[in-house]
Amino acid sequence: MALILFALFVSVPFFCCLAALLPWLLWLPGAPRLPPSSTRSSSQRSRSSSPSRLSETQYRNGPLKRAKIYIDEESPTDIVDYAINRAFHSLHDNDDSPLPASEKLWSKSKELVRNSSGEAEWTQALYAVIDDIRPTGLKVVINRDWNEDVKPPVNNPLPMIPHKRNQPGQLLPETLREGTPDPAVPAIPLFKLKNPRPDICIGLSDDSLARALEDLGVPQFFLQDLQLASTLISDPHTTPLELRFPFLIVEAKSGATGGNLYQAQNQAAVSGASALQILQSLADLQAAQRLDEGSRNSNPNPTESAPGLPRAPPPPNIVFSITMEGPIHELWLHFQKPREKTFSMVCLGSWRTTLRDSSRDLVRHLRAVLRWGSGEFREGIINTLRAYNEMLTSA
């Protein structure tokens with residue numbers, strides 16, 4: 001008992017001294033110091049609440065709408081009828097040529113569903129069908145990046161001056177808007193479209209198109225020269241792949257690996273709008289050259305072919321896309337009204353390729369689009385390029 005009392009007598013003063021010296025020990029050089037608990041929790045909250053990437057819904061309602069790209073909205077009957085009459089007029093001809101391809105797709109689809117296959121396998125299954133039924137003069141490219149310059153512009157908000165001495169809503173001067181960021185100006189969200197990278201892209205073969213143009217007196221490297229000069233980007237790929245003027249895009253997803261149609265539609269919307277941008281750039285070139293020609297001829301209205309006879313309005317630019325989620329395939333029409341800056345995307349049909357009749361009907365629609373691309377679409381491109389070359393050489 002005496003030993004216990006002695007130990008307590010010695011240890012209590014020791015711990016009291018240690019407690020008194022502890023604050024001084026913490027301030028010694030090199031001693032680790034922790035921030036206050038409130039600071040630690042604040043920093044942790046700021047990291048955990050940092051903005052994450054946009055959801056697919058936010059992307060559709062944000063960047064896509066600010067680029068004037070609209071999905072599945074009410075479509076004008078005249079444009080849909082125009083597309084159907086131009087591309088699908090021979091849809092129900094008594095021609096069973098696509099049946100072997102549709103049988104292969106039907107059989108392959110059932111196998112892929114059983115195996116819970118991913119996006120790459122579904123892409124390859126449709127590519128095999130396209131390769132079987134595509135006409136000559138077309139080029140098919142799989143999974144390659146597009147040049148970001150072909151994307152539609154996005155309408156981003158303009159920065160405002162927040163200082164009290166300025167009126168509310170006053171725009172920044174042009175020098176500040178283009179110069180270094182002002183730290184006093186709050187950050188403004190910037191909307192950006194993702195660069196297109198279609199799973200499958202179908203367009204006109206550069207070799208076939210160049211030969212056809214050369215037969216009409218157009219220089220062999222006419223399209224290459226226009227692209228090198230950035231006058232007209234007709235091959236959208238970052239590394240040119242000899243595919244001009246894409247008119248059919250495929251975006252594939254697999255529900256077995258977490259993909260869905262909504263994602264595929266968002267991707268197809270940007271790819272389709274970019275393909276329309278290429279067509280509009282070609283039309284703008286011809287219109288600008290015609291306007292310049294009209295001004296030299298002192299014609300007060302170069303859009304008229306003769307007094308009192310206005311030039312017929314140009315047909316709408318149209319392209320197509322297929323979105324996939326496993327065996328579910330949707331066919332979409334993308335169009336841009338003449339002289340309008342909006343891009344619309346409307347669904348023409350949906351099929352499930354594990355059903356035999358559904359697979360057959362999809363392949364027939366796919367064949368019709370490919371025939372339209374190698375026929376009327378290609379002829380329209382050739383005629384426009386020939387006319388543009390003639391205007392250049394006669395200037």
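**Exercise 1.** Classify the residues that line the second largest pocket as nonpolar, polar or charged.

*Solution.* The lining divides into 3 nonpolar, 5 polar and 8 charged residues. Here Ala, Val, Leu, Ile, Met, Phe, Trp, Tyr, Cys and Pro count as nonpolar, Asp, Glu, Lys and Arg as charged, and the others, Gly among them, as polar. The model is predicted: local features need pLDDT of at least 70, side-chain atom pairs count only at pLDDT 80 or more, and totals for chains, interfaces and linings use all residues. Residues are numbered from 1 along each chain as its sequence is written, and side-chain values use heavy atoms, without hydrogens and water.

**Exercise 2.** State which element gives the largest share of the lining of the second largest pocket.

*Solution.* Step 1: helix H3 (56-66), strand S4 (243-253) and helix H10 (261-296) each give two or more residues to this lining. Helices (H or I, at least four residues) and strands (E, at least two) are DSSP runs, numbered from the N terminus. Step 2: the largest share, 5 residues, comes from H10.

**Exercise 3.** Explain how the buried residues of helix H4 (residues 77-87) are arranged.

*Solution.* Step 1: Ile79, Val80, Ala83 and Ala87 are buried (under 20% relative accessible area; exposed is over 50%, partly exposed in between, with a 1.4 Å probe and protein chains only). Step 2: these four lie on the same side of H4, because they cover an arc of only 100° around the axis, taken from the directions from the helix axis to the C-beta atoms. Step 3: Thr77, Asp78 and Asn85, on the other side of H4, are exposed. Step 4: the buried residues pack against strands S7 (317-325), S8 (328-336) and S9 (343-352) and helix H11 (356-394), with contact meaning heavy atoms within 4.5 Å.
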